[in-house]
Amino acid sequence: MPVPAGVICRVVSMLIVRKTAGVFAKPPKRNVYGFLRSLRVCPGVLSPPKLVLGIETSCDDTAAAVVDDTGRVWGEAIHSQTEVHLKTGGIVPPVAQQLHRENIERVVEEALSASRVSARDLSAIATTVKPGLALSLGVGLSFSLQLVNQFKKPFIPIHHMEAHALTIRLINNVEFPFLVLLISGGHCLLALVRGVSDFLLLGQSLDIAPGDMLDKVARRLSLINHPEYSTMSGGKAIERLAKEGNRFHFTLNPPMQTAKNCNFSFTGLQHVIDKLIERKEKEEGIEKGQILSSAADIAAAVQHVTACHLATRTHRAILFCKQRELLPPANAVLVVSGGVASNLYIRRALEIVAKATQCTLLCPPPRLCTDNGIMIAWNGIERLRAGLGILHEVEDFRYEPKCPLGVDISKEVAEAAIKVPQLKMTI
Ligand code: KG4
Ligand code: ZN
């Protein structure tokens with residue numbers, strides 16, 4: 001609804017006194033002047049920006065945020081379950097569900113109050129509905145549908161991986177098409193992004209995701225018993241520990257070296273690492289639960305082999321896209337996102353690939369790589385702008401625990417059997 005110009009003074013003073021609510025609420029990135037710029041000026045009237053509330057509960061983070069159609073973040077809140085799941089040795093779905101139930105109302109309220117808006121001011125509500133843990137998705141969806149019905153708002157169902165892929169456009173002015181590598185605890189895929197909901201899937205993990213493998217290695221190394229690493233996600237703990245280690249002390253071979261496709265695999269590698277840890281435990285004569293003296297060297301070798309595996313497959317995907325003219329020959333954009341993309345060593349490996357192929361590597365800041373509400377709200381804005389998937393009728397709407405991303409052309413990629421030139425991975 002257009003705002004009369006006279007109201008602007010009140011809006012400005014309200015924004016000046018705005019405080020960030022709650023312990024987990026993060027301050028919004030915009031300022032008063034940014035807000036004023038975002039108001040579209042017509043003679044005598046100002047139309048307010050469109051606001052979308054994003055809600056994320058697909059895995060182990062309960063998150064919410066409000067973002068406007070200029071990409072400004074008005075406020076966000078997040079409740080992470082990481083510490084609880086570290087204690088149980090992995091995510092137990094009913095526990096995750098219970099924690100989402102206990103926190104969702106507070107998290108959404110905090111995101112709205114940090115944004116100084118009420119649900120009435122929203123243009124739409126966007127929620128992750130696929131893929132993810134069924135019990136977790138269900139909590140976010142039913143809470144969102146209550147809000148949708150109560151405030152009579154349009155509903156925008158969000159694909160979690162689409163949201164990770166588009167996050168970069170909130171920060172950088174990236175045009176379609178671009179290549180994206182999505183690496184998290186539940187996913188590992190390479191896709192060409194041609195539009196907001198137009199993806200070509202080039203390859204994906206045939207078994208577990210890299211974040212899952214790193215979490216398992218961290219558990220196997222008993223990092224939960226280390227005072228410095230006990231509260232970190234496995235991947236983050238491995239990155240920190242690897243800084244203290246020497247990757248050359250152990251040699252681990254990247255998986256699938258002879259398969260000339262863009263798929264990934266981490267289960268075999270994880271078995272090899274398990275065996276290595278078992279052997280070192282015997283050699284050092286340590287009990288289960290104690291930390292190996294060679295843990296940092298193992299972490300460094302694991303991180304290096306993971307980076308190399310991700311780099312080779314990404315290199316092949318770039319060459320394939322250029323060969324098929326799906327990406328421009330120079331200055332193509334490679335985006336890396338998802339929780340594992342917050343790893344700076346892995347980013348540097350991908351930087352080497354980007355340099356060798358004249359691509360520009362772009363990664364969202366680490367806090368936007370891991371699950372958050374901003375990426376869901378932003379995906380809602382992208383869909384709102386494109387007029388895609390905005391529902392006004394939500395009766396019988398269902399979440400989907402499994403849902404592929406885009407059109408799968410991974411067989412075509414494998415048939416092309418592109419040989420990847422060896423790059424010197426001096427990271
Ligand atoms: O995207 P995300 O927050 O949730 C999923 O959708 O899975 O990713 C979580 C995953 C976890 O497996 C975690 O260990 C990993 O991302 N991760 C990292 C780092 N920070 C989080 N992996 C490597 N290095 C990190 N710094
Ligand atoms: Zn994720």
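Student: How many residues of S4 are buried?
Tutor: In this predicted model, 6 of the 6 residues of S4 are buried, so the strand is largely enclosed by the rest of the structure. Buried means under 20% relative accessible area, exposed means over 50%, and partly exposed falls in between, with a 1.4 Å probe and protein chains only. Strands (E, at least two residues) and helices (H or I, at least four) are DSSP runs, numbered from the N terminus.

Student: Any ground rules on numbering and confidence?
Tutor: Residues count from 1 along each chain as its sequence is written, and chains are lettered from A and ligands numbered from 1 in the order in which they are written. Local features need pLDDT of at least 70, side-chain atom pairs count only at pLDDT 80 or more, totals for chains, interfaces and linings use all residues, and side-chain values use heavy atoms, leaving out hydrogens and water.

Student: Back to S4, then. Which residues point which way?
Tutor: Leu51, Leu53 and Ile55 point one way, while Val52, Gly54 and Glu56 point the other way. In a regular strand, side chains alternate between the two faces of the sheet.

Student: And what is the strand order of its sheet?
Tutor: The sheet is open, with 5 strands in the order S6-S5-S4-S7-S8 and mixed pairing. Two strands pair if DSSP finds at least two bridges between them. S6 (73–80) and S8 (155–159) stand at the edges with a single partner strand each, so one side of each has no neighbour in the sheet. On average, neighbouring strands are turned by 20 degrees against each other, direction ignored. Axes here are lines fitted to C-alpha atoms, for helices over the stretch in contact, and angles run from 0 to 180 degrees between N-to-C directions.

Student: Parallel or antiparallel for S4 and S5?
Tutor: Antiparallel: S4 (residues 51–56) and S5 (residues 61–68) pair over 6 bridges. A hairpin of 4 residues joins S4 to S5. Val52 stands opposite Val67 in S5, and Glu56 has Ala63 as its bridge partner there.

Student: How many bridges join S4 to S7?
Tutor: There are 4, and these two strands run parallel. Leu53 has Ile125 of S7 as its bridge partner.

Student: Which helix packs on the sheet?
Tutor: That's H5 (residues 134–151), which touches S4, S7 (124–130) and S8, and its direction makes about 160 degrees with that of S7. Contact means heavy atoms within 4.5 Å.

Student: New topic: what coordinates the zinc ion?
Tutor: His160 (NE2), His164 (NE2) and Asp371 (OD) do, at 2.1 to 2.2 Å. Donors are N, O and S atoms within 2.8 Å of the metal (3.2 Å for Na, K and Ca), and water is not among the atoms, so sites may look incomplete. Along the chain, the donor spacing is H-x3-H-x206-D. His160 is in H6 (residues 160–166) and Asp371 in the loop between H13 (366–369) and H14 (373–386), 211 residues apart.

Student: Are those two, His160 and Asp371, buried or exposed?
Tutor: Both His160 and Asp371 are buried.

Student: How many residues surround ligand 1?
Tutor: 20 do, and the closest are Gly185, Asp215, Gly235, Glu239 and Asp371; near means a heavy atom of the residue lies within 4 Å. An oxygen atom of ligand 1 is 2.8 Å from a polar backbone atom of Gly185, and one is 3.3 Å from a side-chain N or O atom of His160.

Student: Last one: how many helices and strands in total?
Tutor: The protein has 15 helices and 14 strands, and 55% of its 427 residues count as buried.

Key:
Polar contact = N/O pair within 3.5 Å; in protein donor to acceptor, adjacent residues only side chain to side chain.
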